[in-house]
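Please report on the strand pairing, cysteines, cavity and unusual backbone sites of this model. Keep it brisk.

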Amino acid sequence: MSLPTIGILGAGAAGLVTAQVLLNDGFDVQLITRDSSPGGVWARGRVYPGLTINNVHGEFRFSSLPMAPPLKAAETGGRLTGDDMCAYMETFADTFLAGKIRFRTEIISVQRSSTGAWQVTVQDTQNAAKEVLIFSHIVLCTGGCSNPSVPAHLSPESATVAGFRGPVFHTSKFRDNLDDILNVKHVGPDGIEEDASIVVVGGGKSAQDVSAYLANAGRKVTAVFETTDAMLAVSTPLPDFIRKSRRFLHKTWLGSKIVHFIWNRITSTSLDVYSVPKDSPLRNAHSLFWGIRTNDEGTYRPNSFYALVSSGKIQLAAPARATGFGEGNSIILADGRILPADAVILATGYSSSWGDVFDDQTVEELGLKRHALAKTFPHSTWDYASLANPPASHPDSEQRASSIYRGLVPAKNIERRDFAINGAVFTTNNGYSFEVCAHWISSYFLGDRMRLPSSAEEALASAERNSAWLRKRFPDMLLWANESSSSNLAFWTWPQLVDELLEDMYLPSMRSGGNWLTWPFKVIDLKEVASLAEERRSKRRGLELLELSLSA
């Protein structure tokens, strides 16, 4: 008997591996994406020159398909580029999902009908034709980097009103505007063309990638930011037992001192790799320990953002905040400075991708929206010495809790088993995490025996407790990350998260092996989860045989 058709909203990494797992389990699937090729943020039309990611070869792939070595390993220090990820996602889709992806299709709305089926209204981006698709289940895989967030005072419309004459666009449009930005010129009062001044607003990974690309192309670049991302860098590549192992913290006073000494040392030595001066704005960065805004630079690269800043090829206007455009060719900073700007590129992040496709009624029915914490957890709940003396954060009245159980299912809807989310858990190893999440979702939809909350109330209480923990572990990070990319923050602790998901399915966890002493340093490899589908089928058959024998 064929199983129902599942609508997968989004064809990025999470959507692709979820579709593959569901297909293997007997479901029919249809993926929907506005892009013209698979990959989501790695789709061919969205990756841009100079884009590198924080993962090295072997860290961002799926167990069923090996990844070719990076094309520019020497240039990137072994880092994967946007082009590497694009090629891998296209190969994965061609190999496992031929005919299952609906491209160039905008999702207009998602609603549950009176019969319980899901109605997804879509529109063809080429001819504007609308259609209503019907699905038995939905997996939301739109991720957190689909909808650019552009402050109103820095929008192209504000630039026009202010009389700014140069191009203004978000980094998500960098590829589309690349030729224009490389050809922009500054025309002086005497009519002579000079090198243009390009201002990049933002201190995160996209801002750094774009700034570095333009500086390497010989353009004058100034980066404007208040606080930049933390940075990891080493003089020589880290061995796998450090780079690809598990992390752990200590509860004792001594353990706390060791933990903070290690993190402070990592921060210091990372900056020293690039000879960052003590008074450099690059040191005004988010904390490696207390935050999730971290970029892994790997080994020293002379063409990287940090090296280009050190050599004077990228200028910094920091700490500073851009407040608007000046007439002609300038951008105004909050401290009163006026920077020459013939073009402005906005690396100002992304907003949630969920708000545009769900109406208020569906959001309320599902329980998708963040909410104020209903319960205050005592300080002693997580009495870790290493978490004493956290940085200042916003008050309780401004904090919000996720309503998503495990980062995968809206707690309010957990008993219906017809809606799930993949790709909203913030981790440092998306390939491994997305794949295990996909198996969890498939077991959930199949009605497999799982370790689940007994009620929506219990699921919500668990989600609230996790949100309270995240607020303590990563102060204010839930306020920074949009909700479609932060239903859970398993940044350094993603191995523990996937172990919990495996245990939810009553499957063995801690698969990298080792004993109590060596386990934290064992290399984690995707081959550990390559057999999950068969393990789940075997367990399902075993339970069916048991039920038959008991009923005989």
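I6 stands opposite H137 in β9. The pairing belongs to β1 (residues 5-9) and β9 (residues 137-140), which run parallel and are joined by 4 bridges. Strands here are DSSP runs of E with at least two residues, and helices are runs of H or I with at least four residues, both numbered from the N terminus. Two strands count as paired if DSSP finds at least two bridges between them.

This is a predicted model, in which local features need pLDDT of at least 70 and side-chain atom pairs count only at pLDDT 80 or more, while totals for chains, interfaces and linings use all residues. Residues are numbered from 1 along each chain as its sequence is written, and side-chain values use heavy atoms, with hydrogens and water left out.

**The sheet around β1**

The β1-β9 pair sits in an open sheet of 5 strands. Their order is β5-β2-β1-β9-β26, with parallel pairing. β5 (101-102) and β26 (419-421) stand at the edges; each has a single partner strand, so one side of each is left without a neighbour in the sheet. Helix α11 (residues 430-446) packs on this sheet. The helix touches β1, β9 and β26, where contact means heavy atoms within 4.5 Å. Its direction makes about 175° with that of β26. Such angles run from 0 to 180 degrees between N-to-C directions, with axes fitted to C-alpha atoms, for helices over the stretch in contact.

**The sheet around β14**

Another open sheet has 5 strands in the order β11-β22-β14-β15-β18. Its pairing is parallel too. The edges are β11 (168-170) and β18 (314-317), each with a single partner strand, so one side of each is left without a neighbour in the sheet. Neighbouring strands are turned by 25° against each other on average, direction ignored. Within this sheet, β14 (residues 197-201) and β22 (residues 343-346) pair in the parallel sense over 4 bridges. V199 has V344 in β22 as its bridge partner.

**Cysteines**

How many disulfides does a search of the whole structure find? The count is 0, with a disulfide taken as a pair of cysteine sulfur atoms within 2.5 Å. C141 is in no disulfide; its nearest cysteine sulfur is that of C437, 9.9 Å away. C141 counts as buried at 7% relative accessibility. Buried means under 20% relative accessible area, exposed means over 50%, and partly exposed lies in between (1.4 Å probe, protein chains only). C145 is in no disulfide either, and the nearest cysteine sulfur, that of C141, is 14 Å away. C145 is partly exposed at 36% relative accessibility.

**Cavity and two buried residues**

The count comes to 1 cavity of 30 Å³ or more. A cavity is a set of points on a 1 Å grid over the protein atoms alone where a 1.4 Å probe fits but cannot get out; lining residues have an atom within 4 Å of a point. Points are joined across faces, edges and corners, and the volume is the space filled by probe spheres set on them. The largest cavity has a volume of about 30 Å³. Its lining includes W354, R370, S402 and E483.

S402 also appears among the contacts of S467, a residue of helix α12. S467 touches L373, A401, S402 and L478, not counting residues up to four places away in sequence. S467 is buried, with a relative accessible area of 3%.

P475 lies in the loop between α12 (456-473) and α13 (477-480). P475 is buried too, at 10% relative accessible area. Leaving aside neighbours within four places in sequence, P475 is in contact with W290, P390, P391, S393 and L470. P475 and Q399 are 76 residues apart in sequence, yet 9.8 Å apart in space, C-alpha to C-alpha.

**Backbone exceptions**

Most residues other than glycine have a negative phi, and most peptide bonds are trans. Two residues with positive phi are listed below.

| Residue | Phi | Loop | Relative accessible area |
|---|---|---|---|
| A128 | about 65° | between β7 (118-124) and β8 (130-135) | 45%, partly exposed |
| S275 | about 50° | between α8 (253-273) and β17 (294-299) | 56%, exposed |

A cis peptide bond joins A318 and P319, with omega about -10°. P319 lies in the loop between β18 and β19 (322-326).

Terms used: On a 1 Å grid over the protein atoms alone, a cavity is a set of points where a 1.4 Å probe fits but cannot get out, and a pocket is an open set with protein on both sides within 12 Å along at least five of seven lines; lining residues have an atom within 4 Å of a point.
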